[in-house]
Amino acid sequence: MQRYKLMIEYISKRRGEARLYFSTRKDRDLFVYFISGVEGVLEVEYKENTKTLLIKFQEGSFAHRLIESLKPTEVYINKEDLHFYIQPLLKHPAVKLGFSLLMLGLPVGLLSFSFCSMFLIPYLKTKF
């Protein structure tokens, strides 16, 4: 079975309407076919030669929630998250110390490395 990836991008969104951009006209036509029967869609406008589509919908309806869910969300990973995920993969204590100092800075990196290496990990190894 071949997987199909539909590319939809927001161009603009105003109260009661949204303009979407599709990677191909075939994708646009497929989206129009499926969105036409959804509750709350008032009107779907597009020109035959373009890849854009204007959807007019009723506020608070299922179509409104569906279009809101298409909006891309950005995921941010900060230094602490990166440190948390990579630290267990490092084996040598000097590399762990250097990585902690690099990612978290001098005071926090030293504190994190010493607390985890001297207290937390030996305690967990003896308990489990």
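F62 is partly exposed, with a relative accessible area of 40%, and this residue makes a handy starting point for a tour of the structure. Please keep in mind that you are looking at a predicted model. The protein has an average pLDDT of 84, and 92% of the residues score at least 70. From F62 we can walk along its helix, cross to the sheet, and finish with some aromatic rings.

**How confident is the prediction?**
- Confidence in the protein is highest in helix α4 (residues 93-104), at a mean of 91.
- Strand β1 (residues 8-14) has the lowest confidence, with a mean of 77.
- As a rule of reading, predicted coordinates should not be read in detail where pLDDT is low.

**Helix α2 and its residues**
- F62 belongs to helix α2, and beyond its neighbours up to four places away in sequence it touches V38 and E39.
- Although F62 and V38 are 24 residues apart along the chain, their C-alpha atoms are separated by 7.4 Å.
- H64 also sits in helix α2, which covers residues 62-69.
- Why does H64 count as buried? Its relative accessible area is 15%, and buried means under 20%.
- Leaving aside neighbours within four places in sequence, H64 is in contact with K13, F57, Q58 and E59.
- H64 has company, as A63 and I67 in α2 are buried too.
- Looking down the axis of α2, you would find these buried residues within an arc of 100°, so they line one face of the helix.
- A general point helps here: an α-helix has 3.6 residues a turn, so residues three or four places apart point the same way.
- On the other side of α2, R65 and S69 are exposed.
- What covers the buried residues of α2? The cover includes strands β1, β2 (17-22), β3 (41-45) and β4 (52-57).

**The sheet**
- Those strands also meet in an open sheet of 4 strands, in the order β1-β2-β4-β3, with antiparallel pairing.
- β1 and β3 are the edge strands, since each of them pairs on one side only.
- From one strand to the next, the twist averages 20°.
- In general, strands of a sheet pair through backbone hydrogen bonds, either parallel or antiparallel.
- β2 and β4 pair in the antiparallel sense over 5 bridges, and E17 has K56 in β4 as its bridge partner.
- Helix α1 (residues 25-35) packs on the sheet and touches β1, β2, β3 and β4. The direction of α1 makes about 15° with that of β4.
- β3 and β4 run antiparallel and are joined by 4 bridges; in β4, L54 is the bridge partner of E45.
- The connection from β3 to β4 is a hairpin through 6 residues.

**Aromatic pairs**
- How many aromatic pairs are there? The count comes to 4, and two examples follow.
- Y33 and F34 form an edge-to-face pair, with 5.2 Å from centre to centre and 75° between the planes.
- Both Y33 and F34 are exposed.
- F115 and F119 form a tilted pair, with 6.2 Å from centre to centre and 45° between the planes.
- F115 and F119 both lie in helix α5 (residues 106-127), 4 residues apart, which is about one turn of the helix.
- F115 is partly exposed, with a relative accessible area of 46%.
- F119, at 52% relative accessibility, counts as exposed because the exposed class begins over 50%.

How values were computed: Residues are numbered from 1 along each chain as its sequence is written. This is a predicted model: local features need pLDDT of at least 70, side-chain atom pairs count only at pLDDT 80 or more; totals for chains, interfaces and linings use all residues. Side-chain values use heavy atoms; hydrogens and water are left out. Helices (H or I, at least four residues) and strands (E, at least two) are DSSP runs, numbered from the N terminus. Buried means under 20% relative accessible area, exposed over 50%, partly exposed in between (1.4 Å probe, protein chains only). Contact means heavy atoms within 4.5 Å. pLDDT is the predictor's confidence in each residue, from 0 to 100. Rings of Phe, Tyr and Trp (its six-membered ring) pair if their centres lie within 6.5 Å; planes under 30 degrees apart count as stacked, over 60 as edge-to-face and the rest as tilted. The arc is that of the directions from the helix axis to the C-beta atoms. Two strands pair if DSSP finds at least two bridges between them. Axes are lines fitted to C-alpha atoms, for helices over the stretch in contact, and angles run from 0 to 180 degrees between N-to-C directions.
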